[in-house]
Amino acid sequence: MAKSHPFYALHRHGMIRAGVCTPATVVADPAANARATIALAKQGDAEGADLLVFPELNVTSYAIDDLHLQDAVLDATEAGIAAIAQASKGLKPMLLVGAALRRNGRLYNCAVAIARGRILGVVPKQYLPNYREYYEKRWFASGIGLTGLEITVAGQTVPFGADLVFAATDLADFVFHIEICEDYWAPVPPSTEGALAGALVLCNLSASNIVIGKGRERELYCAAQSARTLSAYVYSASGPGESTTDLAWDGQGLIYELGELLAASERFELTTEIVYSDLDLERLRLERMRNGTFNDNARAANHPEMRFRRIGFEHAPDFADRGLVRRLRRFPFVPNTPARLEEDCYEAFNIQVEGLRKRLEATGSKHIVIGVSGGLDSTHALIVACKAMDRLGRPRSDILGFTMPGFATGDATKSNAWALMRALGVAGEEIDIRPSARQMLTDLGHPFAEGEPVYDVTFENVQAGLRTDYLFRLANQRQGFVLGTGDLSELALGWCTYGVGDQMSHYGVNAGVPKTLIQYLIRWTVKTGQFTGEAADVLTAILNTEISPELVPADAEGRMQSTQDRIGPYELNDFFLHYVVRHGLRPSKIAFLAWHAWRDAAAGLWPIDFPEAGRNQYDLATIAKWLESFLFRFFQTSQFKRSALPNGPKVSAGGALSPRGDWRAPSDSVATAWIEELRAALP
C-alpha cells in the first residue's frame, strides 16, 4: 500500500527511476514509430519513470540505408517528433529519442531530449562507424566540434551540439549526458567528458546489430564506463522491427551503476518492453566527492564543465511513494550469487591468511597466542592462523590456543573450543580466570565479591581485561605474539574492551571483516573442504551458537547474555555500517534502504545456502531504533577505540576502520547531526 509521507518517496532520497525502452519499429515509417514511442512513454509514466531512453534512430528506424536521405522520410520524422513532444505534455518522464535531423545542409544522427511538451536540446552523434557492416558516413555528418549552436525541430529552436548536459532545476543530482552508439566504442567516449562536466547519468541511444559475443561486449563497456566515470550508464539497443536485410537485432537494454548491473532486458523478444531500475544519484555524487582522482582528471581535461552548456529543466517530482525498483542486498558484504560468493570468500580468506603470514615472517615469532572462546570471531581467527602456518610449512602446534573460562562461560562454547583445538591440531591449554577476577573485584570493593549479583561494566571488563592480560604475558613467556580476534562490526559499535581488553592485540586479523561475512567465511571453509571431518563438524556447531560475550551469568530462566539483545542484530548493524562508511548516506536514507531490504523475508534474494531459520524481517520502527543506537555508538562513543587499533589487513571494499586506512575521525565527536536528521525525516 502506498504511503503519503515523504520518507517513502525515492525522490526524497536522491534517487530517480530510469527505463530502457525497446519499441517495435516499422522500417522507414516515422509516424508508426512515433506512435510506438508515445505508447511506451505513457507506459513509463504510469510506472513512475523519470527518464526513458530509446534506441538510436528509433523514430526514423536505423537500417534503412539511402532512405535516410529522402526528404519524405525526414519530413515525416520531424512530424513524428512533434507528435511525441505534444504527447509528452501530460507525462512525467524525460524522453530521449533517436532521429535523423537536417541542419545547415547536413544530416545528423541525433538524440532528442523531450519533456513536458518541450524539446530541450539535440545531441548529434560524434563517431560515425564506417567499417565492416557500417556505412554511416555515407548519410550523416559528424557532430565532433559542434558547440554553442542551435537547431529548429518541429517548430522549436533549441540548443544543438556535442556540448550539452541536462540538469533538473528542482531535483538535485538529476544531471545526464547523451551519447549515441559508436560514441562509447571510441577510446575516449564523449560521455567521459560529460561525466567530468557533472553528469551523473550517462545515456546511450544505440542501434547496434547483434553478432555472436557482442552482448557481452556491450555489458563490458557499460560496466567499465559506469565504473570509471562513477556514474550510472543507461543503454538501449534496437530490437524487433528493424530491417534484417543483412543484419539482426536483439534489443539489449542495460542499466549499470558504478560497474554493477542493475537491470537488463530480455533479448530477442518480439514484445515491446521497458526495463526499469532506480538509480541512486546521491550515492554517485558522494562517491565523486570522495574520489580525488576523478576531480584531478577533470582538471587534467581542462575542466569540461567550462565548455559544456547545462540545459536546465523543471522536472516537478511529485514525491509520491512509488516503491523501490532496485535490488538491494540484505548483506552488503556478502554477495547473493554463488559465483561471486565463492570468489569473494576465496579472496577475503586469503587476504587474512597472507596478512598474518607476512607478520609471522617479519616478527620471527615462535608462536601465535590466541584466546579461543568457541565463538565466531576466535574460531575464524584460529582457522586463519592454521592456514598461515600451513603456508609457512610450520606445524599447527606452534599455535597456542587458550580457553579461559569466566563466571558465565557456557559448557557448549567451552566444549566447542576444546573440540576445535583438538580437531585442528593446535596446542590447547586452559586457564581459569575466575580466581584472579574474584581477587581483582575484591580489591576494587565490588559488590560481587561480597556475593551480590551485580553484573555491571566493571564486572564484565575485569574478565575481558584479564583474558587479554594473560594472553600478552603468555606471549612474553613463550616468544609469541597475540592474535586479535575482534571484527569490523564490533569495532564499529565499540563492542570491545579498550586497552587491556579485546580491542588490543599484536595483529588484528579480523579487523577488516564484518560479523555477517565471518559467518559466511566459516561456512565457505567447510563447504570447500578447507577443513574436513571433526573440524568441519565443530565449525558448523559454532555457527549455530548464539552470539554472546559470556561475561554475565544466565538469568533465572537459563538464558545467556545475548550481544544482539544489547546492541541490535548484527545483520542490521552491518547494513548500517556499509552505508555509513562506504557511502556516507544520510541516516534517513539508510533507514529507507534498510526498510526495503528487510521488511519482507519472503521477498528478494538471500545469500546462497542461507539457513531458512535465520531469515529475519524487521519493521521500520525496529530499524529506526537500532539505527539510532548504531549512530550514537559509531559517531559519539567508539572512535577512541578505533584510533588506537593494532595493525590488520583491509579486506572488504566496503571499508575498514583503521585510522591509517579508510576511516579518520575525531574521538570527541557527537552524533547529534545524524540522530536529528533521522528523527526529523521518519514518519
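**Exercise 1. Find how much space the largest cavity holds, and describe its lining.**

Solution. Start with volume: the largest cavity holds about 110 Å³ of space. This is a predicted model. Next, count the lining: 13 residues surround the largest cavity. Then look towards its centre. G486, L491, D502, Q503 and L645 lie nearest to it. Last, sort the lining by class. Five residues are nonpolar, six are polar and two are charged.

**Exercise 2. State how many cavities of 30 Å³ or more the whole structure has, then describe the second largest.**

Solution. The search of the whole structure gives three cavities of 30 Å³ or more. Take the second largest cavity. About 50 Å³ of space lies in it. Its lining draws on H11, G48, A49, D50, K92 and R116, and also on H315, A316, P317, D318 and R322. Now sort these residues by class: three nonpolar, three polar and five charged.

**Exercise 3. Work out what lines the largest pocket.**

Solution. Begin with the space: about 1,500 Å³ lies in the largest pocket. Its lining has 44 residues. E260, R329, P332, P335 and R340 are the ones nearest the centre. Now turn to the elements. Those giving two or more residues to this lining are strand 13, helix 5 (281-290), helix 7 (338-363), helix 16 (570-582) and helix 17 (587-598). Helix 7 gives the largest share, six residues. Finish with the classes: 21 nonpolar, nine polar and 14 charged.

**Exercise 4. Trace the sheet of seven strands and explain what sets its edges apart.**

Solution. Write down the order first: 13-12-11-10-9-8-15. The sheet is open, and its pairing is mixed. Now look at the two ends. Strand 13 (260-264) and strand 15 (309-313) each have a single partner strand, so one side of each has no neighbour in the sheet. From one strand to the next, the twist averages 25°.

Then check one pairing. Strand 8 (residues 164-168) and strand 15 run parallel, joined by five bridges. A168 has F313 in strand 15 as its bridge partner. Finally, add a helix. Helix 4 (residues 214-228) lies across strand 10 (201-205), strand 11 (232-236) and strand 12 (253-257). The angle between helix 4 and strand 12 is about 25°.

**Exercise 5. Do the same for the sheet of five strands, and place two helices on it.**

Solution. The order is 18-17-16-19-20. This sheet is open too, with parallel pairing. Its edge strands are strand 18 (427-430) and strand 20 (507-508), and each pairs on one side only.

Move to strand 16 (residues 367-371). Three bridges join it to strand 19 (residues 480-484), and the two run parallel. I368 stands opposite F481 in strand 19.

Now the helices. Helix 7 lies across strand 16, strand 19 and strand 20, at about 160° to strand 19. Helix 7 also gives six residues to the lining of the largest pocket. Helix 9 (residues 411-424) lies across strand 17 (399-403) and strand 18, at about 165° to strand 17.

**Exercise 6. Describe the surroundings of T157.**

Solution. Locate the residue: T157 sits in strand 7 (residues 156-160). Set aside its neighbours within four places in sequence. T157 is then in contact with E150, I151 and T152. Its side chain makes a polar contact with the side chain of T152, at 2.9 Å. Last, look further along the chain. G121 is 36 residues away from T157, and their C-alpha atoms are 8.8 Å apart.

Methods:
Residues numbered from 1 in each chain as written. Predicted model: local features only at pLDDT ≥ 70, side-chain atom pairs only at ≥ 80, totals over all residues. Heavy atoms only, no water. Pairing = 2+ DSSP bridges. Helix = DSSP H or I, 4+ residues; strand = E, 2+ residues; numbered from the N terminus. Axes fitted to C-alpha atoms, helices over the stretch in contact; angles between N-to-C directions. Contact = heavy atoms within 4.5 Å. 1 Å grid on protein atoms, 1.4 Å probe; cavity = no way out; pocket = protein on both sides within 12 Å on 5 of 7 lines; lining within 4 Å. Points joined across faces, edges and corners; volume = space filled by probe spheres on them. Nonpolar A, V, L, I, M, F, W, Y, C, P; charged D, E, K, R; others polar. Polar contact = N/O pair within 3.5 Å; in protein donor to acceptor, adjacent residues only side chain to side chain.
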